[in-house]
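The following paragraphs lead the reader through a structure from its overall pattern to its details. Please have the sequence and the model at hand.

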Amino acid sequence: MGSTKLIGLVLLVVGIALLFFGYQSTQSVGDQITETLTGRFTDETMWYLIGGAAAVVAGGFLAFVRK
């Protein structure tokens, strides 16, 4: 396995973990109240979700698409 594929797999796992933590954060009472009052989630939750999505896309590209 090449180093590029290994880095891609690591990014994929980290991205999935970040998305999981972001989703868990959206389900918290504090974040639900913030979302109800302001119409959006907290900045920390959004960074988890955005960072996780970016890491999953980059990891998937490096691990499965790039040769």
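What pattern does the chain follow when read along the sequence? In this predicted model, the pattern is α-α-α. The secondary structure amounts to 3 helices and 0 strands.

The overall dimensions may be considered next. The C-alpha trace spans about 50 × 15 × 15 Å along its principal axes. The radius of gyration of the chain is 15 Å, whereas a compact globule of 67 residues would have a value near 11 Å.

Helix 1 covers residues 3-26 and contains 24 residues. At 1.5 Å a residue, helix 1 should span 34 Å; its end C-alpha atoms lie 34 Å apart, so the expected and modelled spans agree. The buried residues of this helix are Gly8, Leu12, Gly15, Gly22, Ser25 and Thr26. Their cover includes helix 2 (29-38) and helix 3 (43-65).

Contacts and burial can also be described for the chain as a whole. Of the contacts between residues at least 6 apart in sequence, 72% join residues at least 24 apart. Buried residues account for 21% of the 67 residues.

The remaining topics are the surface and the charges. The chain exposes about 4800 Å², and 71% of this area is supplied by carbon and sulfur atoms. There are 4 positive and 4 negative side chains in the chain. The centre of the positive set and the centre of the negative set lie 27 Å apart.

Notes
Residues numbered from 1 in each chain as written. Predicted model: local features only at pLDDT ≥ 70, side-chain atom pairs only at ≥ 80, totals over all residues. Heavy atoms only, no water. Helix = DSSP H or I, 4+ residues; strand = E, 2+ residues; numbered from the N terminus. Rg over C-alpha atoms; globule rule 2.2 N^0.38 Å. Buried < 20%, exposed > 50% of the residue type's maximum accessible area, 1.4 Å probe, protein only. Contact = heavy atoms within 4.5 Å. Areas by Shrake-Rupley, 256 points an atom, 1.4 Å probe, with all protein chains shown as cover. Lys, Arg positive; Asp, Glu negative; His and termini not counted. Charge placed at Lys NZ, Arg CZ, Asp CG, Glu CD. Expected span 1.5 Å × (residues − 1).
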